[in-house]
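Please read the following account with the sequence and the model side by side. It turns to the ligand and its surroundings, and then to a single residue in a loop.

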Amino acid sequence: MDALVPVQSAGQRLPLRLLSPSLHRCIGSVSIRRSVSGFAMDTRISSRSPSQFTIRSQQSDLKESLGGVASSSDVRIKEWEVDMYQNELAISQGIRIRRKPPSKAPLGYSGPFELRLLNGQVADSPSNILEEITWYKDHEVSRMKELNPLEALKKAVENAPPTRDFVGALRSAHQRTGFPGLIAEVKKASPSRGILKENFDPVEIAQAYERGGAACLSVLTDQKYFKGGFENLEAIRSAGVKCPLLCKEFVVDPWQIYYARAKGADAVLLIAAILTDLEITYMLKLSKKLGLAALVEVHDEREMGRVLGIEGIELVGINNRSLETFKVDISNTKKLLEGEHGRQIREKDMIVVGESGLFTPDDIAYVQDAGVKAVLVGESIVKQNDPEKGIAGLFGRNISQT
Ligand SMILES: O=C(O)c1ccccc1NCC(=O)[C@H](O)[C@H](O)COP(=O)(O)O
């Protein structure tokens with residue numbers, strides 16, 4: 001049996017639907033060892049009646065699990081049961097994005113389409129674009145893992161050059177220019193805007209951004225939705241660009257953090273809308289261990305509250321674009337930095353990054369007044385014929401020499 005049981009659930013009674021059908025018939029107890037995003041979790045499930053189970057679990061050696069991924073299970077249940085519990089855990093933290101389709105009904109084929117049909121109905125369709133991307137990532141990562149096993153990646157990481165100081169670069173750009181440090185995004189396309197730049201040369205754009213005074217760069221590596229790629233990250237790195245690089249990905253698995261590091265990233269993005277608190281905690285530790293900074297991205301007050309409860313976060317991104325509806329509203333940055341949350345951020349000396357929808361010097365001034373020390377900008381500068389000048393236009397002055 002392999003159930004996803006959080007540490008807090010010690011002694012808790014879980015509803016029958018969260019457990020394996022095989023256990024519905026069993027009275028007695030079973031011990032389980034599994035991993036939740038790399039944490040080793042020992043769990044004992046005992047049952048005195050077929051409808052109620054007591055679950056006791058404890059987290060075991062984090063250090064032991066940090067080096068590798070899953071430990072073996074004593075008994076396995078079908079994967080969808082674990083996924084189902086993972087969705088329940090996420091919901092309990094206010095996460096609306098389901099990490100996997102709720103049903104694992106077999107794929108049906110009709111013409112060019114692949115659909116999961118259950119009783120003649122389409123079984124699973126994502127409720128928004130972020131959910132669609134997340135489900136796709138899950139498949140993509142499984143395939144990529146087969147081609148690049150973790151052990152090989154670890155060796156590549158051991159031999160990789162040291163990372164650059166992403167957070168330090170933002171702080172010093174802010175001090176040097178008096179403006180928020182710029183993370184300039186190398187972005188060919190997006191689900192909300194389609195193609196942003198036809199003749200897209202990632203290295204040329206990165207070099208222009210660097211000349212224009214960007215502190216760091218963000219490189220989209222997702223192919224399907226953003227027409228990016230890890231080859232862009234590698235090419236920019238090997239072309240001698242000095243700015244630290246953020247691997248702009250939808251991370252759903254710790255394996256992706258090793259992969260990003262092996263491909264030349266200095267920082268990774270962790271999106272609170274798709275990751276549980278435990279996953280963020282673990283991925284943050286893993287990133288630090290690999291020398292990477294982590295930009296933890298929030299979109300609303302609830303996510304901000306969750307993230308402020310997690311130790312060790314230095315960089316918080318406030319996305320002004322709802323990744324579910326595409327609606328962009330830069331007053332979101334101001335709203336999330338008011339009151340108690342803003343106070344805690346200042347107390348912890350965190351760097352807040354204002355993300356998305358920034359086009360003019362007034363926009364930059366607005367988010368700076370709200371309290372950000374860095375901004376992440378894609379569309380408004382990548383679309384310019386000369387992205388170097390695009391940066392000067394965005395800030396209202398040349399920030400490369402100030
Ligand atoms: O940009 C999108 O359409 C999008 C859709 C779904 C998930 C993420 C998306 N964008 C990622 C980003 O957050 C932006 O690329 C980044 O903040 C820069 O935004 P912008 O300056 O508005 O290009």
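**The ligand and its surroundings**

A polar side-chain atom of K248 lies 3.5 Å from an oxygen atom of the ligand, in a model that is predicted. R321 also places a polar side-chain atom 2.9 Å from an oxygen atom of the ligand, and in the side chain of S190 an N or O atom is found 3.4 Å from a ligand oxygen atom. Taken on its own, the ligand has 520 Å² of accessible area, and the protein covers 98% of it.

Where, then, does the ligand sit? Its place is in the largest cavity, where the shell around the ligand consists, by class, of seven nonpolar, six polar and six charged residues. There are 19 residues around the ligand, and those that come nearest are E185, K187, S192, S356 and G378.

Leaving the ligand, the reader may turn to A214, which is placed in the loop between helix α7, spanning 202-212, and strand β11, spanning 216-220. Is A214 buried or exposed? A214 counts as buried because its relative accessibility is 8%, and the cut-off for that class is under 20%. A further view of A214 comes from its relation to I274, which stands 60 residues apart from it along the chain, with a separation of 28 Å between the C-alpha atoms of the two residues.

How values were computed. Residues are numbered from 1 along each chain as its sequence is written. This is a predicted model: local features need pLDDT of at least 70, side-chain atom pairs count only at pLDDT 80 or more; totals for chains, interfaces and linings use all residues. Side-chain values use heavy atoms; hydrogens and water are left out. A residue is near a molecule or strand if one of its heavy atoms lies within 4 Å of it. A polar contact is a pair of N or O atoms within 3.5 Å; within protein, one must be able to donate a hydrogen and the other to accept it, and residues adjacent in sequence count only if both atoms are side-chain atoms. Accessible areas come from the Shrake-Rupley method with a 1.4 Å probe; for residues, only the protein chains shown count as cover. On a 1 Å grid over the protein atoms alone, a cavity is a set of points where a 1.4 Å probe fits but cannot get out, and a pocket is an open set with protein on both sides within 12 Å along at least five of seven lines; lining residues have an atom within 4 Å of a point. A molecule sits in a cavity or pocket if more than half of its atoms lie within 2 Å of its grid points. Ala, Val, Leu, Ile, Met, Phe, Trp, Tyr, Cys and Pro count as nonpolar, Asp, Glu, Lys and Arg as charged, and the others, Gly among them, as polar. Helices (H or I, at least four residues) and strands (E, at least two) are DSSP runs, numbered from the N terminus. Buried means under 20% relative accessible area, exposed over 50%, partly exposed in between (1.4 Å probe, protein chains only).
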